[in-house]
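Dear colleague,

I am passing on the structure that we discussed, and I would be glad if you could look through it alongside the notes below.

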Amino acid sequence: MKIKYKNFEFPANPSSVKVLTSSKCVSHSIPGLGSVAQNVSLNPVQVSGEGEFFGECSDEYCAVLQNMLKNKSSGWLMLSSAPPIKAFFTRFNFIKDNKRNCVRYDFEFIEDCSSRKARLCFKSTRAMENENAFDIAWRCSVSVNDIMRLNPFKTPFDLKAGDEVMLR
């Protein structure tokens with residue numbers, strides 16, 4: 001699968017892609033007992049990478065990506081190695097190499113968290129139409145492994161609308 005952002009599909013996947021997923025933790029001091037750390041939120045996912053465009057269309061690809069960078073709205077970023085991410089396109093740099101008839105580039109996307117659901121401590125949820133375990137894991141901020149461990153589904157895709165899904 002080639003990387004795709006909004007309606008632009010990379011003609012070839014970048015030579016490297018880095019996906020950074022992290023969370024914010026805080027430490028609280030407890031008198032006489034030391035301290036305790038608490039995970040308070042997920043940080044936005046950051047996706048960066050680099051690659052090369054070759055041939056006659058390389059300038060055109062750069063122009064399309066530069067125009068997309070100017071568009072301030074987020075869109076779906078489809079990666080071969082991660083679930084789809086609604087993201088903002090935040091950086092695109094390129095260098096034209098006339099000797100090799102190519103353009104070297106690097107980029108960055110940052111997750112749009114405006115629609116991310118707050119983490120709630122529900123023990124279960126109901127599957128919605130066309131949802132699978134990956135969708136529910138994202139929606140409810142739990143791992144797919146936990147869903148599969150706590151439920152009788154044979155695969156993450158065996159859910160039907162209305163199925164009760166244990167989360168914790």
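The notes that follow go from the overall fold to the sheet, the cores and one buried acidic residue.

This is a predicted model, in which local features need pLDDT of at least 70 and side-chain atom pairs count only at pLDDT 80 or more, while totals for chains, interfaces and linings use all residues. Residues are numbered from 1 along each chain as its sequence is written, and side-chain values use heavy atoms, with hydrogens and water left out.

The protein has 3 helices and 11 strands, where helices (H or I, at least four residues) and strands (E, at least two) are DSSP runs numbered from the N terminus. Its radius of gyration, taken over C-alpha atoms, is 20 Å, whereas a compact globule of 168 residues would have one near 15 Å, by the rule of 2.2 Å times the number of residues to the power 0.38.

Seven strands form an open sheet in the order S2-S1-S7-S8-S9-S6-S3, with antiparallel pairing; two strands count as paired if DSSP finds at least two bridges between them. Strand S2 (8-9) and strand S3 (16-20) each have a single partner strand, so one side of each is left without a neighbour in the sheet. Between S8 and S9 there are 10 bridges, and Lys96 stands opposite Val103 in S9. Helix H1 lies across S1, S2, S6, S8 and S9, and runs at about 140° to S8 (axes are lines fitted to C-alpha atoms, for helices over the stretch in contact, and angles run from 0 to 180 degrees between N-to-C directions).

The largest nonpolar core (buried Ala, Val, Leu, Ile, Met, Phe, Trp, Tyr and Cys residues joined through side-chain atoms within 4.5 Å) has 21 residues, and Val47, Leu77 and Phe89 are among those with the most contacts inside it. Strand S6, helix H1, strand S8 and strand S9 each give two or more residues to this core. A second, separate core of 12 residues includes Ala127, Val142, Ile147 and Val165.

Glu131 is found in the loop between strand S10 (124-126) and helix H2 (133-140). At 11% relative accessibility it counts as buried (under 20% relative accessible area, with exposed over 50% and partly exposed in between, using a 1.4 Å probe and protein chains only). Its side chain reaches the backbone nitrogen of Met128 at 2.8 Å.

With best wishes

Terms used
Contact means heavy atoms within 4.5 Å. A polar contact is a pair of N or O atoms within 3.5 Å; within protein, one must be able to donate a hydrogen and the other to accept it, and residues adjacent in sequence count only if both atoms are side-chain atoms.
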